[in-house]
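Visitor: Mind walking me through this one? I'd like to start with a loop.

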Amino acid sequence: MRFLDRVRNALMRFMYGRYGNDQLNRALCVLILALYLISLPLSLIPMVGSVLRFLNTFLWFVVLLRMLSRNIERRRGENAWFLSKIGPATQALRNHKMRQQDKEHKYFTCKNCSAVCRVPRGRGKIIITCPKCGREIRGKS
Ligand SMILES: [Zn+2]
């Protein structure tokens, strides 16, 4: 245990003042894994396989550089940019999953303003007035 504690302390000292891991790095690791899995069958084609391997190595290099970087503000900016780009997609995915799990309600999207209206299921054919723009939405609940 003493040896492992010394290794842990040495690693903590090494990483002190460095950026570490974040969501962008994790997404890059997932991309690296996906590229690796794609490159396995494609490596039979000589040029494609080497390009994918080069891209994989480059992405590993980027991940390591970001992790060990001491320019924390810049790395945070990159991560914030990434989160602003991926945020709406993850939110839409989360909403979709939540709507599928909700068996009590039916969701209608207004064609005029894209507002989402939630109504109880099992009420037959209904006419909903959009609370945002006032347009009528017809549907079966
Ligand atoms: Zn509307």
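Guide: Sure, starting with S114: it is exposed, with 10 other C-beta atoms within 10 Å. Here exposed means 12 or fewer such atoms and buried 20 or more, with partly exposed in between and C-beta atoms placed from the backbone. Bear in mind that this is a predicted model, where local features need pLDDT of at least 70, side-chain atom pairs count only at pLDDT 80 or more, and totals for chains, interfaces and linings use all residues. Residues are numbered from 1 along each chain as its sequence is written.

Visitor: What is the phi of S114?

Guide: Most residues other than glycine have a negative phi. S114 sits in the loop between strand 1 (105-109) and strand 2 (116-120); strands are DSSP E runs of at least two residues and helices H or I runs of at least four, numbered from the N terminus. Though not a glycine, S114 has a positive phi of about 65°.

Visitor: Which residue in strand 4 is the bridge partner of K125?

Guide: Strand 3 and strand 4 (residues 136-140) pair in the antiparallel sense over five bridges, where pairing takes at least two DSSP bridges. In strand 4, K125 has as its bridge partner K140.

Visitor: How many of the five residues of strand 3 are buried?

Guide: Strand 3 covers residues 125-129 and lies largely in the open. That is because the number of its five residues that are buried is zero.

Visitor: Which residue in the hairpin of strand 3 and strand 4 takes a positive phi?

Guide: That hairpin has six residues between the strands. The positive phi, near 85°, belongs to G134.
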